[in-house]
Amino acid sequence: MKEKSCSAGMKLFLFIGGIILFYLAGYKPIGIDRDSVTYSTAIEQLERGVVLIHEPAFLLIYNALTFFNVDPVRGFFVILAALSIGLKTYSITRYSTSPVLSALIYVCLFYLLHDFTQIRAGVSAAFFLFAYNDIVQGRKVHYFLKVSAAILFHYSAVLYLPLLFFSRKKINTVFYLALPFLFIPFVFLPDILPALKSLFLLLPQSLSTRAIYYAEQIQQSGGGIGLFQMSVMAFYLTYGLWLLKIPKSEISVFDNLSFKYLSLMFSLYFLFSAVPV
């Protein structure tokens with residue numbers, strides 16, 4: 001994964017597209033999506049001294065906005081939209097071998113999910129995308145620092161850290177091919193939530209509290225894993241393409257790490273299928 005030269009016209013096209021996406025996400029009406037109400041409520045509660053979201057970046061941004069006497073609700077969405085969409089646009093422009101295709105996949109599959117709704121997860125994913133070239137090039141310290149920034153926005157970004165321990169050269173193809181399939185039975189196990197909640201208690205308090213909260217919300221709503229959501233189907237397709245490619249050719253470091261990480265993510269996705277958040 002090397003830095004790619006992008007034509008001036010393409011850079012301008014992506015920049016203008018990024019500005020439009022930023023404006024839509026940053027200045028959306030509160031209430032157009034469920035998460036915007038959740039964040040608005042969390043900020044209102046924070047003004048009363050009640051902390052509902054514990055990630056340091058959320059608290060830092062809130063304090064900075066109130067210090068400069070800026071509307072904390074609108075300012076929160078504007079800052080996070082700028083960070084998330086800005087980093088993703090930059091990463092696509094600089095690293096993608098096909099910027100138009102990358103931008104199309106981002107807009108069709110991830111923009112509404114992340115940058116328009118789950119905005120903190122969107123910023124976290126943006127830092128990961130920004131950091132990915134570092135791990136491919138072996139710059140582990142740079143990767144760690146950028147992932148650390150992602151964790152400040154969403155604690156789930158700790159799941160980006162295993163890439164630090166994957167070999168950039170060796171790959172046990174059979175193991176990584178088989179790993180997700182070993183966890184598929186967890187999708188169909190009944191009454192697994194109590195066991196998962198016990199497992200969550202082993203996590204640090206800030207993580208366990210949030211994970212148990214999600215589990216209880218899912219338990220009350222009767223929700224389940226979205227095996228056939230559009231974004232998940234895209235990952236299935238990507239994984240399938242790697243299944244076809246790996247046995248036939250010597251893969252690059254980028255493909256090596258990506259395949260291993262996708263295998264791990266699928267495994268965790270199935271393992272925690274009872275808490276699909």
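**Notes on a predicted model: surface patch, cores and a few residues**

1. Start on the outside: L12, F15, I16, I19, I20, Y23, L24 and Y27 make a nonpolar surface patch of about 820 Å². A patch here takes residues with over 30% relative accessible area and no salt bridge, joining like charges within 9 Å and nonpolar side chains (Val, Leu, Ile, Met, Phe, Trp, Tyr) within 5 Å. A salt bridge is a side-chain nitrogen of Lys or Arg within 4 Å of a carboxyl oxygen of Asp or Glu. Areas come from the Shrake-Rupley method with a 1.4 Å probe, and for residues only the protein chains shown count as cover.

2. Before going on, keep in mind that this is a predicted model, where local features need pLDDT of at least 70 and side-chain atom pairs count only at pLDDT 80 or more, while totals for chains, interfaces and linings use all residues. Residues are numbered from 1 along each chain as its sequence is written, and side-chain values use heavy atoms, with hydrogens and water left out.

3. Two patch members are worth a look. L24 sits in helix α1 (residues 8–26); helices are DSSP runs (H or I, at least four residues), numbered from the N terminus. L24 is partly exposed at 43% relative accessible area, whereas F15, also placed in α1, counts as exposed at 53%. The cut-offs are under 20% for buried, over 50% for exposed, and partly exposed in between (1.4 Å probe, protein chains only). F15 and Y90 are 75 residues apart along the chain, yet their C-alpha atoms are separated by 8.6 Å.

4. Now for the inside. The largest nonpolar core has 42 residues, and F76, I135, Y143, Y160 and L163 touch the most other members. Such a core is a set of buried Ala, Val, Leu, Ile, Met, Phe, Trp, Tyr and Cys residues joined through side-chain atoms within 4.5 Å. Helix α6 gives the most to this core, with 11 residues. Another core, of 11 residues, lies apart from it and includes I85, I92, Y106 and F110.

5. Leaving aside neighbours within four places in sequence, L163 is in contact with F128, Y132, I135, Y143, L257 and Y261. Contact means heavy atoms within 4.5 Å.

6. Finally, two buried polar residues. S91, in helix α4 (residues 72–95), has a relative accessible area of 4%. Beyond its neighbours within four places in sequence, S91 contacts S96, L129 and F130. D255, in helix α12 (residues 253–271), is buried at 9%. D255 and R168 are 87 residues apart in sequence and 9.6 Å apart in space, C-alpha to C-alpha.

Technical notes:
Helices (H or I, at least four residues) and strands (E, at least two) are DSSP runs, numbered from the N terminus.
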